Structure formats: C-alpha cells, structure tokens
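Visitor: I would like to learn how to read a protein model feature by feature. Could you walk me through one?

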Amino acid sequence: MKIEIKSPIVTEKIKNQNYIINYGTIKKGSKTNIEFIFTDCVYHTHTKTCGCTHPSITITNDGFDLSISYDSNKVGTINQSTTITTDKGKVKIELKGLVQ
C-alpha cells in the first residue's frame with residue numbers, strides 16, 4: 001500500500017501507516033481539507049471518533065482517494081481520528097489543533 005498526501009497542512013507520519021495532522025491554531029471557519037491518495041490497496045470501511053470529522057472516499061482504478069476535513073466552526077481543541085481499513089491493513093489519521 002502506498003499513501004500520498006496532498007496538503008499544505010503539517011502532517012507527521014508516525015510508526016507504520018499512522019498519521020498525525022496538526023492544524024496548529026486556526027480561526028473559526030478555516031478550511032481544513034486534507035487529501036490522501038491510496039494506491040495498491042482496496043478500501044473496505046472507515047470509522048471516525050465524532051461527527052465533526054468528515055471523510056469522503058472516491059474509489060479509483062488502483063485504490064482510492066480520501067478527503068478528510070474537520071468542522072472548524074466548533075471552537076476548542078481538535079483531538080479526533082479516522083481509521084481507514086483496507087485489504088492491506090488499517091491506517092489511523094489523527095487530527096489535532098485548536099480552533100479559536
């Protein structure tokens with residue numbers, strides 16, 4: 001499985017295929033969309049820790065694209081995650097930061 005991230009937001013890859021998206025301090029209503037391109041794998045399902053994270057999946061010929069965002073109209077600490085399950089295993093994406 002290969003994962004490409006298309007985003008200007010700071011992304012840190014931690015062990016295995018897990019990622020931390022650190023938005024830092026952002027203003028209420030800011031854009032928070034991050035795009036991932038998964039290749040050489042098959043999408044099965046995803047889970048999220050709350051309704052304020054919004055994953056969107058598009059199936060492609062060689063994998064799938066994931067667009068994920070956080071509802072930045074909610075002021076406060078961002079500490080949420082989404083877990084993607086594929087035929088090659090799970091990928092956890094953690095969203096962190098602060099909305100002011």
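Guide: Gladly! Keep in mind that this is a predicted model. A good place to start is the largest nonpolar core, which holds 20 residues. Among its members, Y23, F36, F38 and L95 touch the most other members.

Visitor: Which strands each supply at least two residues of this core?

Guide: Strand 3 (18-26), strand 4 (34-39), strand 7 (63-70), strand 8 (76-86) and strand 9 (89-99) each do so.

Visitor: Let me pick F38 from that list. What is F38 in contact with, leaving aside its neighbours within four places in sequence?

Guide: The contacts of F38 are M1, K2, I3, D62, G63, F64, L66 and V91. Hold on to F64 in that list, since it comes up again with the rings.

Visitor: How should I read a pair of aromatic rings?

Guide: The general idea is that two values describe such a pair: the distance of the centres and the angle of the planes. In this structure, a search of the whole model finds 4 aromatic pairs. One of them is formed by F38 and F64, whose rings are stacked, with 4.4 Å from centre to centre and 10° between the planes.

Visitor: Why does the pair of F38 and F64 tie together parts that are apart in sequence?

Guide: F38 belongs to strand 4 and F64 to strand 7, so their pairing ties together parts that are 26 residues apart in sequence.

Visitor: Are these two residues buried or exposed?

Guide: F38 is buried, at a relative accessible area of 0%. F64 is buried as well, with a value of 0%. F64 has a further ring partner: Y43 and F64 form an edge-to-face pair, with 5.3 Å between centres and 65° between planes. Here Y43 lies in strand 5 (residues 43-48) and F64 in strand 7, so this pair ties together parts 21 residues apart in sequence.

Visitor: Which residues do the ring pairs link into a cluster?

Guide: The cluster consists of Y19, F36, F38, Y43 and F64.

Visitor: Now the sheet. What should I look for there?

Guide: In general, strands of a sheet pair through backbone hydrogen bonds, either parallel or antiparallel. This model has an open sheet of 4 strands in the order 1-4-7-6, with antiparallel pairing. Strand 1 (2-6) and strand 6 (53-60) stand at the edges with a single partner strand each, so one side of each has no neighbour in the sheet. From one strand to the next, the twist averages 20°.

Visitor: How many bridges pair strand 6 with strand 7?

Guide: There are 8 bridges, and the pairing is antiparallel. A hairpin of 2 residues joins strand 6 to strand 7. To follow the register, note that H54 stands opposite S69 in strand 7, while P55 stands opposite I68 in strand 7.

Visitor: Could you show me one residue of strand 6 in detail?

Guide: Let us take T53, which is found in strand 6. T53 is buried, with a relative accessible area of 0%. Not counting residues up to four places away in sequence, T53 touches K48, S69, Y70, Q80, T82 and L95. The side chain of T53 also reaches the backbone oxygen of C50 at 3.2 Å. As for distance along the chain, T53 and S81 are 28 residues apart, and their C-alpha atoms are separated by 7.7 Å.

Visitor: What separates the C-alpha atoms of T39 and Y70?

Guide: Those two are 31 residues apart along the chain, and their C-alpha atoms are separated by 24 Å. T39 is part of strand 4 and counts as buried, at 15% relative accessibility. Beyond residues up to four places away in sequence, T39 touches M1, K2, D62 and G63.

Visitor: And how do I read a backbone phi angle?

Guide: The general rule is that most residues other than glycine have a negative phi. In this model D40 has a positive value, with phi near 60°. D40 sits in the loop between strand 4 and strand 5. At 49% relative accessibility, D40 counts as partly exposed.

Key: Residues numbered from 1 in each chain as written. Predicted model: local features only at pLDDT ≥ 70, side-chain atom pairs only at ≥ 80, totals over all residues. Heavy atoms only, no water. Core = buried A, V, L, I, M, F, W, Y, C linked by side-chain atoms within 4.5 Å. Buried < 20%, exposed > 50% of the residue type's maximum accessible area, 1.4 Å probe, protein only. Contact = heavy atoms within 4.5 Å. Phe/Tyr/Trp six-rings, centres within 6.5 Å; stacked < 30°, edge-to-face > 60°. Pairing = 2+ DSSP bridges. Axes fitted to C-alpha atoms, helices over the stretch in contact; angles between N-to-C directions. Polar contact = N/O pair within 3.5 Å; in protein donor to acceptor, adjacent residues only side chain to side chain.
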